Amino acid sequence: MTERFALPPSLAETRNYVDGAFVATGRTFDNVSPLTGRVLARVHEADAALVDRAVAAARRALDEGPWGRSTVAERAAALHRVADVIERRFDDFLAAEIADTGRPLAQARQLDVYRGVANLRSFADLGKTAHGDFFETHLADGSQLINYTTRKPLGVVASISPWNLPILSLTWKAAPALICGNALVCKPSEETPSSATLIAEAFDEAGVPPGVFNVVHGFGPGSAGEALTTHPGIDAVTFTGESRTGAAIMRAVADGVKEVSFELGGKNAAIVFADCDFDAAVEGVIRSSFTNTGQVCLCSERVYVERPIFERFVAALKARTEALKIGWPDEPDVDLGSLISREHREKVLSYYQLAVEEGATVVTGGGVPHFGDERDGGAFVQPTLWTGLADNARCLNEEVFGPVCHLAPFDSEDEAIRRANASDYGLAASVWTTNLSRAHRVGPRLHVGIVWVNTWFSRDLRTPFGGVKLSGIGREGGRWSLDFYSETSNICIKV
Ligand code: NAD
């Protein structure tokens with residue numbers, strides 16, 4: 001038993017947070033550690049009736065409670081108070097995130113807990129400086145109009161989030177939705193219920209009025225996710241997860257013509273030109289393929305390398321990959337934790353198998369590490385490199401969401417762009433070059449929402465974030481989030 005990766009005591013029974021109260025239900029499911037396979041906690045699943053109570057509480061908070069009449073300054077202060085609580089309970093949040101996800105401590109600290117606080121504080125501050133537009137119009141008959149825009153909240157927003165970056169994903173949606181004056185019902189992933197429940201504790205302690213922020217636990221189809229997205233009382237859905245789940249949610253809200261913002265899957269390309277800073281590109285691709293054990297929507301699973309440096313690059317990446325340390329989250333210098341679950345490992349391993357059937361050369365990895373201790377009951381997998389697949393191989397077109405990338409040589413800039421764009425997905429790409437003109441030429445031609453040049457996953461929260469094609473609908477980040485989470489009205493006055 002490894003108690004150092006236990007959950008904070010309040011989560012032993014992980015409850016829903018509805019109308020300002022922590023609610024247990026008769027029906028529970030297990031939260032299982034991906035590090036060891038042991039049960040961490042019992043999670044109380046919300047049924048349709050509890051989801052209905054949460055939606056009704058959110059509506060009441062807007063129509064009858066103080067939140068509906070609050071000023072943006074008051075809402076910003078509330079978000080800062082929530083951030084204060086998270087900072088004070090930093091170690092609890094870290095413990096919850098590590099226990100649920102099995103990721104290295106340093107990554108949980110930066111990618112989740114720091115980023116969660118940053119999301120809350122950034123959107124609190126951004127909301128205070130948001131402003132409308134003004135247009136003066138002179139008509140042919142000499143009369144004049146003035147137009148100005150106002151923002152109103154959408155109402156009750158349903159937020160459905162994935163397991164890969166739980167605190168980051170939840171606060172990325174909650175902070176802008178709340179600063180715009182909405183009330184929220186959040187459904188975190190069934191794989192990672194803990195940090196969302198701690199965030200509810202933070203809202204509770206920060207004195208945010210009942211009903212403004214609700215958390216319901218459960219699964220998708222036939223459970224809390226479906227009950228929430230089909231509920232007639234919600235006004236919009238913000239969702240992060242798999243593309244096919246996005247399609248199911250779109251169908252669920254179609255009759256009600258609800259607004260959606262979707263951040264979906266990716267099959268992201270990295271393009272490495274021969275003129276790159278070689279060592280920086282190797283380190284960059286190591287990060288972009290293996291961060292969070294490859295479970296970031298932005299990870300590069302397709303790496304195109306210009307032919308003159310291809311063999312050298314593959315050899316360098318192989319050496320670096322084999323030097324990566326897989327282990328316990330708190331081991332010094334650990335690089336990779338576990339995958340999220342045994343079930344997800346089955347999916348990743350099925351792609352490892354398929355790649356071989358499709359003719360890949362396995363440069364390194366392709367299996368499961370053996371530790372000889374309780375980690376053998378967990379969901380660890382080896383980081384893996386492939387070469388030699390044809391462009392139409394399934395492994396090069398479907399999202400694996402594990403620590404794996406395929407390397408292929410290319411001969412020209414046009415070819416690299418064409419092959420990078422030949423995907424049903426279009427979330428992110430990274431380009432490695434020291435040629436400034438090339439960077440500006442290639443970036444805009446990539447059919448994705450986000451291009452990084454000589455870096456990866458570097459975020460300024462004011463910039464737009466989202467994908468094209470199967471990777472999503474809409475943009476969030478900075479003013480794009482404020483645009484999504486509010487209704488803009490135009491007021492036109494004849495003067
Ligand atoms: P998932 O789609 O399986 O689940 C996401 C959430 O949706 C969970 O809370 C789940 O319970 C819920 N859900 C599932 N079916 C539902 C339904 N029919 N109705 C309502 N809710 C439903 O995704 P996941 O496996 O948790 O996350 C991994 C995926 O998320 C990957 O594809 C990854 O690329 C994507 N992702 C995208 C971004 C982005 O910003 N584009 C960020 C993180 C993750």
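## Glu-263 and its surroundings

Glu-263 counts as buried, because 27 C-beta neighbours sit inside 10 Å of it. Bear in mind that this is a predicted model. The residue sits in strand β12, which covers residues 259–263. UniProt, in an unreviewed entry, puts its "active site" annotation on Glu-263. If you skip the neighbours within four places in sequence, Glu-263 is in contact with Thr-240, Gly-466, Gly-467 and Gly-472.

Glu-263 also turns up when you look around the ligand. There are 32 residues around the ligand, and Glu-263 is among those that come nearest, along with Pro-162, Gly-220, Gly-225 and Gly-241. Which elements give two or more residues to that shell? They are α7 (224–229) and α8 (243–254). Sorted by class, the shell around the ligand has eleven nonpolar, 15 polar and six charged residues. Both domains take part: domain 1 (9–264 + 471–494) and domain 2 (268–461) each give the shell at least three residues.

Now for the domains themselves. The protein chain splits into domain 1, made of 9–264 + 471–494, and domain 2, which is 268–461. Their C-alpha centres are 30 Å apart. Where the two touch, 23 residues of domain 1 are in contact with 24 residues of domain 2. On the domain 1 side, α3 (90–101) and α4 (105–129) each supply at least two residues. Of the elements there, α4 gives the most, with six residues. That side of domain 1 divides into ten nonpolar, eleven polar and two charged residues.

The UniProt record has its own take on the chain: its unreviewed entry lists residues 26–490 as "domain: Aldehyde dehydrogenase". In the model, that span is 40% helix and 21% strand, and its end C-alpha atoms lie 48 Å apart.

Next, a couple of backbone oddities. Most residues other than glycine have a negative phi. Asp-19, which is not a glycine, has a positive phi of about 55 degrees. Thr-293 is another residue other than glycine with a positive value, near 55 degrees. Asp-19 is in the loop between β2 (16–18) and β3 (21–23), while Thr-293 is in the loop between α9 (278–290) and β14 (300–306). Is Thr-293 buried or exposed? Thr-293 counts as buried, because 31 C-beta neighbours fall inside 10 Å. Asp-19 has 17 such neighbours inside 10 Å, so it counts as partly exposed.

Here are those two next to Glu-263:

| Residue | C-beta neighbours inside 10 Å | Status |
|---|---|---|
| Asp-19 | 17 neighbours | partly exposed |
| Glu-263 | 27 neighbours | buried |
| Thr-293 | 31 neighbours | buried |

Last, a bit of sheet. Strands of a sheet pair through backbone hydrogen bonds, either parallel or antiparallel. One open sheet here has three strands in the order β1-β5-β4, and its pairing is mixed. Which strands are at the edges? β1 (13–14) and β4 (28–32) are, as each pairs on one side only. β4 and β5 (residues 39–44) run antiparallel and are joined by five bridges. For one of the residue pairs, take Val-32, whose bridge partner in β5 is Val-39.

Conventions
Residues are numbered from 1 along each chain as its sequence is written. This is a predicted model: local features need pLDDT of at least 70, side-chain atom pairs count only at pLDDT 80 or more; totals for chains, interfaces and linings use all residues. A residue is near a molecule or strand if its C-beta atom, placed from the backbone, lies within 6 Å of it. Helices (H or I, at least four residues) and strands (E, at least two) are DSSP runs, numbered from the N terminus. Ala, Val, Leu, Ile, Met, Phe, Trp, Tyr, Cys and Pro count as nonpolar, Asp, Glu, Lys and Arg as charged, and the others, Gly among them, as polar. Domain bounds come from an automatic or database domain assignment. A residue is buried if 20 or more other C-beta atoms lie within 10 Å of its own, exposed if 12 or fewer, and partly exposed in between; C-beta atoms are placed from the backbone. UniProt positions are given in the numbering used here, feature names are shortened, and annotations may be inferred rather than shown by experiment. Two residues are in contact if their C-beta atoms, placed from the backbone, lie within 7 Å. Two strands pair if DSSP finds at least two bridges between them.
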